[in-house]
Amino acid sequence: MSIIRSVSSSAGGAVVALEHVTKRYGDADAPAVDDLSLTIPAGEICVLVGPSGCGKTTTMKMINRLIEPTGGRITIDGVDVMSLPAVELRRRIGYVIQQVGLFPHLTIADNVAVVPRLLRWSGTRIRERVDELLELVGLDPAAYRGRYPAALSGGERQRVGVARALAADPPVMLMDEPFGAVDPIRRDRLQNEFLRLQSRVRKTIVFVTHDVDEAIKMADRIAILQRGGILAQYDSPDAILANPASPFVERFVGADRGLKRLSLARVRDLELIEPVIVREGELRAEARARLAARDGIDYALLVDDRERPLGWIDAGDLAGEGPVPAEAATPGAPTVEPESTLRDALSAMLGSSVQLGVVVDERERVIGLVSVDAVGEALRAPVRAADGTLRPVGESATG
Amino acid sequence: MDDQPFFRPEWIGDNLDVIGLRLWEHVQMTAIAVGVGLLVSFALALLIRRVPALYGPIIGISGTLYAIPSLALFALLVPVTGLSLVTAEIALVSYTLLILVRNIVAGLRGVSADIVEAATGMGLTERQRLLRIELPIALPVIIAGLRIATVTTIGLVTVTALIGRGGLGYLIINTGINRFFPTSIYTGVALAVALAVLADLALLGLQRLLTPWARARSASV
């Protein structure tokens with residue numbers, strides 16, 4: 001068991017490199033994929049995205065040679081894929097397709113065990129690996145091992161498909177619209193589960209989708225392809241949204257690309273504003289003085305004895321003498337967490353009167369404030385591209 | 001002869017050994033015909049899988065064979081192969097081809113494209129894909145064809161009594177119709193029908209046994 005555990009936890013993908021790869025069907029004039037070069041670092045998710053006919057699926061299938069390139073070279077950790085027999089190559093690359101393609105006549109355990117059997121693993125090793133993988137994808141092995149695919153829901157089948165692709169611990173996985181056949185709510189959950197899984201297994205993943213939102217969510221890097229298999233842009237999601245390389249990319253990512261960037265950043269990425277805190281029961285005069293001492297802030301935040309926010313309070317509310325009662329606050333301060341996306345934070349702030357968000361920790365204690373302005377500033381800050389350089393927003397990567 | 005009873009059960013008791021022999025002959029002739037038919041059909045179906053253009057011609061030829069009346073087929077074959085078991089089996093086998101080839105091809109073609117793609121993408125060889133994935137998935141359709149072919153053959157075997165074979169057909173035609181002896185006819189017919197029903201049920205049982213997943217599918221719907 002310990003050996004297998006160490007195999008599955010052996011974080012690590014392989015570098016996948018495409019060098020001037022071209023695919024031409026028959027004697028058609030226009031190639032399906034045209035002189036495509038890109039390098040996918042080990043352990044990253046690269047999403048190939050583009051309109052239909054852009055050659056994204058063709059590109060992916062050339063990596064495991066379901067389609068043979070007509071020109072160029074594809075290497076995995078430096079090894080040319082054409083130098084291996086195709087079936088051997090494919091056994092080392094996990095493969096997940098949209099319809100999952102589970103074998104209906106095999107039980108879940110036997111489906112997951114297909115590649116290990118081809119590799120002639122021992123029976124004990126296969127059994128242990130199957131149980132381990134089913135647990136990894138959140139299916140109870142005792143309940144699912146002996147079932148047939150027909151008895152599973154769409155989401156469960158999808159998870160088995162992922163477990164099956166991971167069975168022989170391949171360094172590279174190819175995923176062709178893996179969540180395309182699942183309804184939107186389940187898709188979101190499967191995507192999150194998959195990202196958690198990937199943070200543990202760290203495979204190099206080539207992921208094909210036509211859905212730009214899915215690409216932004218899943219990708220470390222996005223390769224946007226346009227018709228004819230031409231690489232329009234290859235960069236981090238944030239860099240693509242901030243600086244689309246061409247009018248095509250700009251149209252493809254959508255007019256709301258600013259809002260989409262907000263989904264990529266989190267409240268913890270912002271510099272928080274320090275609030276003026278007034279404790280319930282504090283003397284009004286002291287509170288007034290502290291509020292007056294701060295420039296640019298007209299509201300203090302009233303908190304209870306556990307530092308949980310009660311609401312906003314202004315100089316007028318603090319007039320007079322005596323302690324500040326809890327009722328003095330105007331309730332309705334929206335709370336956000338450090339893990340909230342800027343999109344959610346902005347949405348919460350726009351809905352409240354003061355347009356400030358209260359950032360709270362897991363015990364609901366105040367740790368700072370965010371403002372609509374700060375979110376806007378974050379969008380205007382220079383963006384780190386996949387190559388590590390910082391570039392101002394709005395400047396095209398290719399000039 | 002005219003005053004003999006319509007049905008004489010004691011004849012059955014007196015001739016159990018002959019009846020048993022004919023029944024056994026019937027089973028053998030059916031098994032050979034369906035067995036050889038299955039082998040030939042498999043070969044043809046695999047040929048079609050490789051060269052899909054052959055589907056039309058092969059189905060056309062087996063369809064023509066199927067359409068030739070059995071008497072006419074015997075008339076054509078007897079000058080070549082004589083009044084032999086070979087003559088009977090050639091005819092019987094050729095009648096199974098249309099059904100079997102069509103069902104094997106339909107079964108293999110019924111395996112959905114994404115399953116084939118998943119199998120190929122996971123690194124199964126062409127042969128492994130056929131044996132481990134496509135044939136098992138095609139099995140219900142193939143066995144459905146086998147059931148029809150078997151029941152049809154059990155009926156057709158009786159006709160080969162005309163060339164001196166026939167299994168239970170011997171009881172129906174030679175001792176029955178030719179000698180105006182109804183008891184023999186009924187015995188032969190009843191046993192042939194019983195044999196067909198039993199063979200059909202046995203194959204159905206075999207299919208259930210070999211494809212438990214097919215029931216999981218219908219149960220889940």
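Start by selecting A:Val208 and, leaving aside neighbours within four places in sequence, look for the residues in contact with it: A:Leu48, A:Lys56, A:Thr57, A:Met60, A:Met175, A:Asp176 and A:Glu177. Here, two residues are in contact if their C-beta atoms, placed from the backbone, lie within 7 Å. Before going on, a word about what is on your screen. This is a predicted model, in which local features need pLDDT of at least 70 and side-chain atom pairs count only at pLDDT 80 or more, while totals for chains, interfaces and linings use all residues. Residues are numbered from 1 along each chain as its sequence is written, and chains are lettered from A and ligands numbered from 1 in the order in which they are written.

**Stop 1: around A:Val208**

Keep A:Val208 selected and colour the strand it belongs to, β8 of chain A. Helices (H or I, at least four residues) and strands (E, at least two) are DSSP runs, numbered from the N terminus. Is A:Val208 buried or exposed? It is buried, because 26 other C-beta atoms lie within 10 Å. The cut-offs are these: a residue is buried if 20 or more other C-beta atoms lie within 10 Å of its own, exposed if 12 or fewer, and partly exposed in between, with C-beta atoms placed from the backbone. Now add A:Val49 to your selection: its C-alpha atom is 6.1 Å from that of A:Val208, although the two are 159 residues apart along the chain.

**Stop 2: all of chain A**

Zoom out to chain A, which holds 16 helices and 18 strands. Along its principal axes, the C-alpha trace spans about 85 × 55 × 35 Å. Of the 399 residues in chain A, 41% are buried. Among the contacts in chain A with a separation of 6 or more, 66% are between residues 24 or more positions apart.

**Stop 3: A:Asp34**

Next, select A:Asp34 in strand β2 (residues 33–40) of chain A. Which residues does A:Asp34 touch, not counting those up to four places away in sequence? They are A:Thr22, A:Gly228, A:Gly229 and A:Ile230. A:Asp34 counts as partly exposed because it has 19 other C-beta atoms within 10 Å. Now draw a distance from A:Asp34 to A:Val360: C-alpha to C-alpha, the two are 51 Å apart in space, and 326 residues apart in sequence.

**Stop 4: two residues with positive phi**

Most residues other than glycine have a negative phi. With that in mind, go to A:Val100, in the loop between β6 (93–97) and α4 (108–112) of chain A. The phi of A:Val100 is positive, near 65 degrees. A:Val100 is buried, because it has 24 C-beta neighbours inside 10 Å.

Then move to A:Arg202, in the loop between α9 (184–201) and β8 (204–209) of chain A. A:Arg202 is not a glycine, yet its phi is about 50 degrees, a positive value. With 16 other C-beta atoms within 10 Å, A:Arg202 is partly exposed.

**Stop 5: a helix pair in chain A**

Show helix α13 (residues 257–264) and helix α15 (residues 342–350) of chain A, whose axes come within 6 Å and cross at roughly 110 degrees. Axes are lines fitted to C-alpha atoms, for helices over the stretch in contact, and angles run from 0 to 180 degrees between N-to-C directions. The crossing angle makes α13(A) roughly perpendicular to α15(A). Angles under 35 degrees count as roughly parallel, over 145 as roughly antiparallel, 65 to 115 as roughly perpendicular and the rest as oblique. Show the side chains where the helices meet: A:Leu259, A:Leu262 and A:Ser263 on α13(A), with A:Leu342, A:Arg343 and A:Leu346 on α15(A).

**Stop 6: chain B and its meeting with chain A**

Switch to chain B and select helix α2 (residues 16–50) and helix α5 (residues 85–109), whose axes come within 7 Å and cross at roughly 45 degrees. That angle makes α2(B) oblique to α5(B).

Finally, display both chains together: 18 residues of chain B are in contact with 19 residues of chain A. On the chain B side, the elements giving two or more residues are α6 (113–121), α7 (126–157) and α10 (212–220). Which element of chain B gives the most to this side? That is α6(B), with six residues.
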